[in-house]
Amino acid sequence: MAAEFGHCFRDLGRSAQATERGAGSIFGDGLNNRSDFFATMVQAEAYINQGEATRGYEIAMSALRLGEGLKSARCVQYVREFQDRVTDSMKRAAEFRDFAEQARGFRLWRQVGAPS
């Protein structure tokens with residue numbers, strides 16, 4: 001339920017609530033990697049939308065690590081949405097370029113056709 005609240009708050013543009021509610025949905029126990037991946041991507045985006053890009057990119061990197069063992073069109077879609085929601089001005093920042101360089105090492109990022 002916490003993951004669904006995180007998704008809803010993200011979609012409503014209420015990033016602070018998305019990070020608060022969504023954090024409780026990440027188990028990190030290795031048994032729920034797919035669910036953790038989705039919740040982690042939502043958390044990453046919510047932090048970026050709050051102006052905490054460094055934290056958001058760190059969390060996105062964690063999600064990409066989780067995604068290495070997953071084969072799911074929905075996972076690819078989440079990465080695509082994440083890339084689409086990062087604004088052009090954010091993509092020009094050195095912080096994003098550093099993140100994108102590291103992200104290229106992950107299968108899901110490459111599958112989407114990673115922006116530089």
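This is a short presentation on the fold, the helix packing and the salt bridges of one protein model.

Good morning. The model I am presenting is a predicted one. I shall begin with the overall fold, continue with the helix pairs, and end with some individual residues.

The protein is built from eight helices and zero strands. Its pattern along the sequence accordingly reads α-α-α-α-α-α-α-α. The chain has 116 residues, and 43% of them are buried. The accessible surface amounts to about 6,200 Å², with carbon and sulfur atoms contributing 48% of that area. How much of the contact network joins residues at least 24 apart? Taking contacts between residues at least 6 apart in sequence, the share is 60%.

Let me turn to the packing of the helices, starting with α3 and α4. The axes of these two helices lie 8 Å apart, and the angle between them is about 165°. An angle over 145 degrees counts as roughly antiparallel, and α3 and α4 are therefore described in that way. Their crossing is left-handed. On the α3 side, the contact includes Asn33, Phe37, Met41, Ala44, Tyr47 and Ile48. On the α4 side, the participants include Ala53, Gly56, Tyr57, Ala60, Ala63, Leu64 and Gly67.

Helix α3 also packs against α5. Here the angle is about 5°, and the axes are 10 Å apart. That makes this pair roughly parallel. From α3, the residues involved are Arg34, Phe37, Phe38, Met41, Val42, Ala44, Glu45 and Ile48. They meet Arg74, Cys75, Tyr78, Val79, Phe82 and Arg85 of α5. Please note Phe37 and Met41, which take part in the contact with α4 and also in the contact with α5.

The next pair is α4 and α7, the latter spanning residues 94-103. Their axes come within 10 Å and cross at roughly 10°, which makes α4 roughly parallel to α7. Ala53, Thr54, Tyr57, Ala60, Met61 and Leu64 provide the α4 side of this contact. Glu95, Phe96, Phe99, Gln102 and Ala103 provide the α7 side. Tyr57, Ala60 and Leu64 of α4 thus appear in this interface, having already appeared in the one with α3.

I now come to the charged side chains. Side chains of opposite charge can pair when their charged atoms come close. How many salt bridges does the structure hold? There are two.

One of them joins Glu45 and Arg85, with 3.1 Å between the closest N and O atoms. Glu45 belongs to helix α3, residues 33-49, and Arg85 to helix α5, residues 73-85, so this salt bridge ties together parts that are 40 residues apart in sequence. Is each partner buried or partly exposed? Glu45 has 7% relative accessibility and counts as buried, whereas Arg85, at 35%, counts as partly exposed. Both residues are also listed in the contact between α3 and α5.

The other salt bridge pairs Glu58 with Arg55, at an N to O distance of 3.8 Å. These two residues share helix α4, residues 53-67, where they stand three residues apart, about one turn of the helix. Glu58 is partly exposed, with a relative accessible area of 43%. Arg55 is partly exposed as well, at 40%.

I shall finish with the loop between α4 and α5 and one residue of α5. Leu70 is located in that loop. With a relative accessible area of 13%, Leu70 is buried. Setting aside neighbours within four places in sequence, its contacts are Asn33, Arg34, Phe37, Cys75 and Arg107. The C-alpha atoms of Leu70 and Arg34 are 6.9 Å apart, although the two residues are separated by 36 residues in sequence.

Glu68 lies in the loop between α4 and α5 too, and is partly exposed at 35% relative accessible area. Which residues does Glu68 touch, not counting those up to four places away in sequence? They are Phe106, Arg107 and Leu108. From Glu68 to Leu108 the C-alpha distance is 7.1 Å, across 40 residues of sequence. Arg107 is accordingly in contact with Leu70 and with Glu68.

Finally, Gln77 sits in helix α5 and is partly exposed, at 32% relative accessibility. Gln77 and Val112 lie 35 residues apart in sequence, with their C-alpha atoms 8.1 Å apart in space.

Thank you for your attention.

Definitions and conventions:
Residues numbered from 1 in each chain as written. Predicted model: local features only at pLDDT ≥ 70, side-chain atom pairs only at ≥ 80, totals over all residues. Heavy atoms only, no water. Helix = DSSP H or I, 4+ residues; strand = E, 2+ residues; numbered from the N terminus. Buried < 20%, exposed > 50% of the residue type's maximum accessible area, 1.4 Å probe, protein only. Contact = heavy atoms within 4.5 Å. Areas by Shrake-Rupley, 256 points an atom, 1.4 Å probe, with all protein chains shown as cover. Salt bridge = Lys/Arg side-chain N within 4 Å of Asp/Glu carboxyl O. Axes fitted to C-alpha atoms, helices over the stretch in contact; angles between N-to-C directions. Parallel < 35°, antiparallel > 145°, perpendicular 65-115°, else oblique. Left-handed = near helix turned anticlockwise from the far one by under 90°.
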